[in-house]
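Trainee: Could you take me through one part of this model with care, namely the place where protein and nucleic acid come together?

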Number of protein chains: 2
Amino acid sequence: MRSADLPEVRSLHLFQTMKEETFDSIVKAAYFQTFPDHVVLIEEGEPADFLYVVIEGRVELFAHANGRETSLAMVSPIGTFILAAVLKDAPYLMSARTCQRSRILMIPAEDLRAAVDQDKAFAAAIIRELASCYRAVVKDHKSLKLRTGVERLANRLLRYHHDQGGNGSLSLPYDKRTLASLLGMTPENLSRAFNTLKPYGVTVDGGTVRLHDLVALETLAKPNSLIDDRRI
Amino acid sequence: MRSADLPEVRSLHLFQTMKEETFDSIVKAAYFQTFPDHVVLIEEGEPADFLYVVIEGRVELFAHANGRETSLAMVSPIGTFILAAVLKDAPYLMSARTCQRSRILMIPAEDLRAAVDQDKAFAAAIIRELASCYRAVVKDHKSLKLRTGVERLANRLLRYHHDQGGNGSLSLPYDKRTLASLLGMTPENLSRAFNTLKPYGVTVDGGTVRLHDLVALETLAKPNSLIDDRRI
DNA sequence: CGCATGTTTGACTCGAATCAACCACAGTGG
DNA sequence: CCACTGTGGTTGATTCGAGTCAAACATGCG
């Protein structure tokens, strides 16, 4: 891989604390590849051959069943995906496709597992990463089971708003059909949910959303740190 | 703790491969306690003081938001819960209560984290356990997003049927209101879902369910190993 | 027996998916 | 410059799955 990218990868939490020699062994075994937009990287059910690290671009994780499809998560730089499958040497539970031109680091599963075995600090980092991923899914699951579509949208808007500086305006990071699928609703329903939020001071102009009445929106959304806070 | 219980705990995957001395250190620090039925052990939001191991009985994991409540999982012997919170030293995302008189091993979070740091084999076991928990939630999440209530019930019945020997009959492991909550529906709706499955050869008598036409039920349920198989 | 709990049924409401049409806009090519 | 087209988004009408509320029913237990 390009040596210019090394520091970037090394700075990822997952790779920060590991021994130099373990990092080297992984880097030597890994592949760097650039993919165009809308390329399917993996499909659910396939054996877990690689751990993927998104360096540039964006990847969507999604799944199929009974003829339906849903988005499960978006991975932005610098983030990994399909870690659990690789560690368990089990089939992927999700498919992945680029939603932008993306540069991706692919670490062979064998080499990753060897590195975990050899490097205590790396094992500790893996545990932290896995625990975080686990808690993220639990939060999504709680959100889906305990909230209506409008509530999920309201809380998602508050989250983006907070992440982007909280100055009353935010831009949606994905197109609306993707956001709808992430939130567990149809595009039509998302559109209606935005309309439902209008009386609470939410105005939409393309991908730009303005929140004119944070108090009202929060009263409706009832944000809950145990669902919405990505840090804990 | 009672020394009679040690082998049982030691035989749990999580504790099987660890060094004798690490196991001892954990056992020394741990508390053994018996709780009556319907006791709340932890509440979401509390700091993660203990890892819990169910030795006897059964524990329900559940969560609240916006005045609603939902079951997230049931833990049977020998199983652990709240592992991720303990490892991350973060607040619990779920509450837990006994649904039977239960004997429970409580391992102080500090001691558990110390054991993970000291014992490579234990760290590896923790990684496997965490990865399994992660994949279990992903499967639940996929089920909820991709299936209707009737489909979720049909697949759950097929799972219990398979687990219990697959002889055409199964007994529901929990009462119906709990099962309903686990499946993300109301008790009323579960009752109707059973009725919907009648034409597919499903008859219910209390907690006993008979599957008279497996082919028909499977055609409806479309079971999917990437959602329903608990082993992978 | 009387009471509590869990379950089922029925009527109704509500949230969400579906189907279809329409709109806005960007990119293309005449 | 303007029609043509494809895409993403919105709107409306309708259907459907699921929740709510209320009542009936079953079961088990003191």
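Mentor: What follows is a close look at the protein surface near one DNA strand. Please keep in mind throughout that this is a predicted model. Around DNA strand D there are 15 residues, of which Lys176(A), Arg192(A) and Asn195(A) from one chain, together with Gly149(B) and Asn189(B) from the other, come nearest. On the side of the nucleic acid, 56% of the atoms of DNA strand D that come within 4 Å of the protein belong to sugar and phosphate. Sorted by class, the residues of this surface divide into seven charged, seven polar and one nonpolar.

As for the elements that build the surface, at least two residues each are supplied by helix 8 (176-182) of chain A, helix 9 (187-197) of chain A and helix 9 (187-197) of chain B, and helix 9 of chain A gives the largest share, with four residues.

Three individual contacts show how different parts of the strand are met. A phosphate oxygen of DNA strand D lies 3.3 Å from a backbone N or O atom of Arg177(A), whereas Ser191(A) places an N or O atom of its side chain 3.3 Å from a sugar or linking oxygen of the strand. From chain B, the side chain of Glu188(B) has an N or O atom 3.3 Å from a base nitrogen of DNA strand D.

Elsewhere in chain A, the unreviewed UniProt entry places the feature "domain: Cyclic nucleotide-binding" at residues 14-113; in the model this span is 44% strand and 24% helix, and its end C-alpha atoms lie 14 Å apart.

Methods:
Residues numbered from 1 in each chain as written. Chains lettered and ligands numbered in written order. Predicted model: local features only at pLDDT ≥ 70, side-chain atom pairs only at ≥ 80, totals over all residues. Heavy atoms only, no water. Near = heavy atom within 4 Å. Polar contact = N/O pair within 3.5 Å; in protein donor to acceptor, adjacent residues only side chain to side chain. Nonpolar A, V, L, I, M, F, W, Y, C, P; charged D, E, K, R; others polar. UniProt positions renumbered as here; feature names shortened; annotations may be inferred.
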